[in-house]
Amino acid sequence: MLSNSAYSKDRLQGYLDEIDVCDDEIESHRGTFMQQCRGPRERTKEIILAAKEAGINPVAFRNALKAHRDERAQERRVAKLDMADRADYETIMEALGAYADTELGQAALERAQKDQEQNEEALNSLGRGN
């Protein structure tokens, strides 16, 4: 059990004050990051507006953009796999064939990947993972 001195007001306030400094620093970094993102976000909006002005259905285009971004994110996830996991992934994709290109197939693959990540996390928490 902690002594009463561990709960002294001054000591506790000191910890809170130190955390406040860290929180302020994080918020400053977040503000800087958001400011740096402003330009690319504005350009993205301009490109979407240009597509709309060119006669492209904006709702359909946004959905295509989301699908494109999702595909790029999937490619980045696959690129991060180690050689053995990537080989197994490619084997699975070959076995699934065109099914993997459907929404249902993608959902199944994402679920399988999530399950694998959770299993790896569980093993790592036991100290037996990679």
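Is Y7 buried, partly exposed or exposed? Y7 is exposed, because its relative accessible area of 53% is over the 50% cut-off. The model shown in these views is predicted.

**View 1. Y7 belongs to a nonpolar patch on the surface.** The patch is made by Y7, L12 and Y15 and covers about 330 Å². Y7 is found in the segment before helix α1. With a relative accessible area of 53%, Y7 counts as exposed.

**View 2. E27 and R30 form a salt bridge within helix α1.** The closest N and O atoms of E27 and R30 are 2.7 Å apart. Both residues lie in helix α1, which runs over residues 9–53. E27 and R30 are 3 residues apart, about one turn of the helix. An α-helix has 3.6 residues a turn, so residues three or four places apart point the same way. E27 has a relative accessibility of 46% and is therefore partly exposed. R30 is also partly exposed, at 43% relative accessibility.

**View 3. K45 and E42 form a salt bridge in helix α1.** Here the closest N and O atoms are 3.8 Å apart. K45 and E42 are separated by about one helical turn because they are 3 residues apart in helix α1. K45 has a relative accessible area of 54%, so this residue is exposed. E42, at 37% relative accessibility, counts as partly exposed.

**View 4. D70 and K66 form a salt bridge in helix α2.** The closest N and O atoms of this pair are 3.0 Å apart. D70 and K66 are 4 residues apart in helix α2, about one turn of the helix. D70 is partly exposed, because its relative accessibility is 40%. The count for the structure comes to 4 salt bridges, among them the D70 and K66 pair.

**View 5. Q74 is a buried residue of helix α2.** The relative accessible area of Q74 is 11%, so this residue counts as buried. When neighbours within four places in sequence are left aside, Q74 is in contact with Y89 and Q113. One of these partners, Q113, is itself buried and lies in helix α4.

**View 6. Helix α4 packs against two other helices through its buried residues.** In α4, the residues G105, L109 and Q113 are buried. The buried residues of α4 pack against α2 (58–80) and α3 (83–96). Helix α4 has 23 residues, from 103 to 125. At 1.5 Å a residue, these residues should span 33 Å. The end C-alpha atoms of α4 are 33 Å apart, which agrees with the expected span.

**View 7. The cysteines C22 and C37 differ in exposure.** C22 has a relative accessibility of 44% and so counts as partly exposed. C37 is buried, because its relative accessible area of 17% is under the 20% cut-off. A disulfide is a covalent bond between the sulfur atoms of two cysteines. The structure holds 0 disulfides.

Definitions and conventions. Residues numbered from 1 in each chain as written. Predicted model: local features only at pLDDT ≥ 70, side-chain atom pairs only at ≥ 80, totals over all residues. Heavy atoms only, no water. Expected span 1.5 Å × (residues − 1). Buried < 20%, exposed > 50% of the residue type's maximum accessible area, 1.4 Å probe, protein only. Contact = heavy atoms within 4.5 Å. Salt bridge = Lys/Arg side-chain N within 4 Å of Asp/Glu carboxyl O. Patch = residues over 30% accessible without salt bridge, like charges linked within 9 Å, V, L, I, M, F, W, Y side chains within 5 Å. Areas by Shrake-Rupley, 256 points an atom, 1.4 Å probe, with all protein chains shown as cover. Disulfide = S-S within 2.5 Å.
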